[in-house]
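Biologist: Could you take one part of this model and go through it closely for me? I'd like the cut-offs spelled out as you go.

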Amino acid sequence: MKGFNLEPQDVPRISTAHRSIRTALPHPESLPILAGLADTEARSMHGQLPVVWDRAEGFQVHDPWGNTWIDFSSTIFVANAGHGNARIVAAIQRVLDKPLLHTYTFANTERTAYLRYLIDNTPAQFERAFLLSAGTEAVECALKLMRMHAQSLGKRRGGVIALQGNWHGRTLGAQFLAGNEAQKTWIGYRDPDIHHIPFPYEWDADAAADPEGFFQRGIERLLAEKELDPDQDLAGFMLETFQGWAAAFYPPAFVQEVERFARRHGMLLAFDEMQAGFGRTGKLFGYMHYGVEPDLLCVGKGASSSLPVSAVLGRESVLNLPAKGSMSSTHSANPMCCAAAHANLEALLEDGLIDNAAELGAHMQARLADLSRRHGLRLQGRGMVAAVIAPEEGGGKRCDAVSELAMQRGLLVVHTGRESIKIAPPLSITRAALDEGLDVLETCFEDCP
Ligand SMILES: Cc1ncc(COP(=O)(O)O)c(C=O)c1O
């Protein structure tokens, strides 16, 4: 991944309704802070834009030296309800003031109240939830549940089918599921029961012309090559709701065909909603754009807009497959995390944030479509998530340059390290701030042709 310039640049000063750039960037005093991390932390954590966060509220990020950015990242799809959302801060504060900082799997009222609210406010097939901390843990849990479900049906193997190019996290099972070969070389072997089929990119002519046929051809090829009998060898599908780096959604007909295949062969359909969940796409969950009913849902990130919370949701008959006491995690269901997640869901549902994501999202997509046409980019996305992709050879360099220039001009985007820039503002952003940020993005593409 590119390292950004750590020489303080004498960038033009900016003072607008939503941005303030008052100093050289990176700020000279930020350098020892960044160096402190470089000296003590594994470098795999590094490569981010050199901004030191001091305070973040709503759709703005402030450093300690008076600089303010419009945030188009929500950190990384987390702060859906806005940074420092007042409901969430108050909920955390109440638990902090008790104090009740940890209870392991002992009961606490925050956990009971959150789970009741979560189950009552999600579709009927989600009868139980299992709370964890990281998204990758939720993916591991879904993988385990799919395989236990296949065993309960008497299948001989627990094959799980994922999509080429999708991504699911950094732990072992999640990396096996990921369709990114380069990231798996460290493992040194392959799980013989994890399989991949091609992703139906919008720009793939075959997939666009006939999504159902594209799925059928992909699965038939897989079954023939690996000599699989889906009734005996396959436990389920794991779909990233949209492919992360490109915000690439599937044609609904493709996903509906996946669901039909799963139902025919006693397989479970799981979605990894880490980026897509909790209003991001203009609906509570991203899978709702496809007209299907998943058996398992993996959520995280925007589940709390703040403290670490992830979860797997599903039917009682599946979630209760592991025996009492056999599936837990030390830090899951922490009372402060549960209180934060509860307040977050209330904010999303009661403060109109999902409607805001749908309405402002349509405006954002229309403006980005214009920008993409003008700058030779490919646009993907829905609601309040988009990726502009520079499809030319070396497009990643243009995206690195635009991300850095945007930072210097008071806008933070999601720097993917690839040939895309992702845009994911908090769902609480105002139209004026969104437009101001999009204007900045436009100038950056103009200046990085
Ligand atoms: C689609 C998807 N799945 C899983 C994960 C892993 O989540 P976490 O980093 O919380 O483990 C991510 C994180 O970026 C993600 O985008």
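Modeller: Sure, here is a close look at one helix, H13.

First, the ground rules. This is a predicted model, so local features need pLDDT of at least 70 and side-chain atom pairs count only at pLDDT 80 or more, while totals for chains, interfaces and linings use all residues. Numbering starts from 1 along each chain as its sequence is written. Helices (H or I, at least four residues) and strands (E, at least two) are DSSP runs, numbered from the N terminus.

H13 covers residues 353-375, which makes 23 residues. The expected span is 1.5 Å times one less than the number of residues. That gives 33 Å for H13, and its end C-alpha atoms are 31 Å apart, which agrees. H13 does bend, by about 25° at Gly 361; the bend is the angle between axes fitted to the seven residues ending there and the seven starting there.

Now the buried side. A residue is buried if 20 or more other C-beta atoms, placed from the backbone, lie within 10 Å of its own. In H13 the buried residues are Leu 353, Ile 354, Asn 356, Ala 357, Leu 360, Gly 361, Met 364 and Leu 368. So Gly 361, where the bend sits, is also one of the buried residues. An α-helix has 3.6 residues a turn, so residues three or four places apart point the same way.

What covers these residues includes helices H12 (335-350) and H15 (431-447), plus strands S13 (378-382) and S14 (385-389). Contact here means C-beta atoms, placed from the backbone, within 7 Å. After H13 comes Gly 376, with a positive phi near 65°.

How values were computed:
A residue is buried if 20 or more other C-beta atoms lie within 10 Å of its own, exposed if 12 or fewer, and partly exposed in between; C-beta atoms are placed from the backbone. Two residues are in contact if their C-beta atoms, placed from the backbone, lie within 7 Å.
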